[in-house]
Amino acid sequence: MTQNTPLSARLPRLPLHPDDVTQRVLSAAQLRARGVSAAQTSAQCLPGGPWQHLLPGVYLLHPGPPTGQERLHGALLYAGRPPVSSRRTVTGAPDAGYGEAMVTGVAALALHGFASVAELGALHRIDVLVPRTRRLRSTRFVEVLRTASMPGPVRVGEVPVAPVERALADTVAATADAADVRRLLTEAVRDGHCEPAALVRELSEAKLLGRPAVVDAVDALLAEGRVVAESRLYAMVREHGLPEPVWNVELRLPGGPDLGGVDAYWPDHAVAVELDSRAPRHGAPGRRGGRAQEDPQWSAYAAKREHLERLGITVVHLTPRKLREALDQQATVVRTALMAAADREPAAYVMVLPR
């Protein structure tokens, strides 16, 4: 070859694999690591050329329109590139590419499998979460969200994605339509993507609970979460052959005060199950906004449990998350409590009333 040979003809052979998006979209740093100079890259991206300039410093190595996965990978490469001040000193593997960046918002919900959002290829925007110290601008189809509180990413395939609760909060922050907000939050709980209390906590930390579009949706969300958790509790008793309890009852001392309600009670064993479906108070500070405060609702739970146990009633405390993730284990906990009843002192007599 001579100096007059076109730049495109002098390109090193790149390992382009049609099924590997990380080989079809590369950053300028990755191209340099493969022996492709800036001049060669520019020549490939001329009008009618085989490559395209997808985003600042990110290139699509074929002439057709980018797929949803290619846009996603490109967005992470753009947001994850090291700061200018450190690019000359970066010695790590050039294929890492994403840094601390992760997908959030609607694109993250699509990756988490939400049915109520558009498929990845149909999205006009991809939200990417980066640390607040990064000085990146949103560009083209990439919306950069800077935050002082980066969550730990969830891996969907090889893609770093914000946890469902955070992705929902970031989506809700950009959604004004109350029906859309309610649909997303309901699907999150009904389809088991996350627990209501964790989601409401994230919305509280993002200071979104006061928004009109969110207020009614949260009430529906908590009701939905309660129904789902109760259904799992019924299934646990039925599928694991536990004795049938009385459901959703109030306990009261004869002629005395109300002891409070429980979700399931075995009178012959003096064992009660209580579901903890608490959610943070509106406006309560959290990880993003300040120091957490003691939860008065939890204090009430604890006081009731202590009172019942002084009367000889064993209280098994279950959370919706435990029922979702470890149903067998929770059934064992309840069964153990029922079996231990024979070894305990008889409990005080209590009245059992419908709740």
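User: Hi! Before we look around, when does a charge sit over a ring?
Analyst: Happy to start there: a charge sits over a ring if NZ of Lys or CZ of Arg is within 6 Å of the ring centre and within 35 degrees of the ring normal. Keep in mind that this is a predicted model.

User: Got it. So which residue lies over the face of Phe141?
Analyst: That's Arg71, at 4.5 Å from the centre of the Phe141 ring.

User: Cool. How many aromatic pairs does the structure hold?
Analyst: There is 1 aromatic pair. Tyr234 and Trp247 form it, edge-to-face, with 4.5 Å centre to centre and 85 degrees between the planes.

User: And which parts does that pair tie together?
Analyst: Tyr234 belongs to helix α10 and Trp247 to strand β9 (residues 246–252), so the pair links parts that are 13 residues apart in sequence.

User: Is Tyr234 buried, partly exposed or exposed?
Analyst: Partly exposed, because its relative accessibility is 30%. Trp247 is partly exposed too, at 23%.

User: Tell me about α10. How far does it reach?
Analyst: From first C-alpha to last, its 28 residues reach 41 Å, close to the 40 Å expected. After the helix comes Gly241, with a positive phi near 65 degrees.

User: New topic: how many cavities of 30 Å³ or more turn up?
Analyst: A search of the whole structure finds 1, and its volume is about 40 Å³.

User: What gives the most to its lining?
Analyst: α10 again, with 4 residues. Helix α12 (320–325) also supplies at least two.

User: And what kinds of residues line the cavity?
Analyst: The lining divides into 6 nonpolar, 2 polar and 3 charged residues. Among them are Val189, Glu195, Gly225 and Arg324.

Methods: Residues are numbered from 1 along each chain as its sequence is written. This is a predicted model: local features need pLDDT of at least 70, side-chain atom pairs count only at pLDDT 80 or more; totals for chains, interfaces and linings use all residues. Side-chain values use heavy atoms; hydrogens and water are left out. On a 1 Å grid over the protein atoms alone, a cavity is a set of points where a 1.4 Å probe fits but cannot get out, and a pocket is an open set with protein on both sides within 12 Å along at least five of seven lines; lining residues have an atom within 4 Å of a point. Grid points are joined across faces, edges and corners, and a volume is the space filled by probe spheres set on the points. Ala, Val, Leu, Ile, Met, Phe, Trp, Tyr, Cys and Pro count as nonpolar, Asp, Glu, Lys and Arg as charged, and the others, Gly among them, as polar. The expected span of a helix is 1.5 Å times one less than its number of residues. Rings of Phe, Tyr and Trp (its six-membered ring) pair if their centres lie within 6.5 Å; planes under 30 degrees apart count as stacked, over 60 as edge-to-face and the rest as tilted. Buried means under 20% relative accessible area, exposed over 50%, partly exposed in between (1.4 Å probe, protein chains only).
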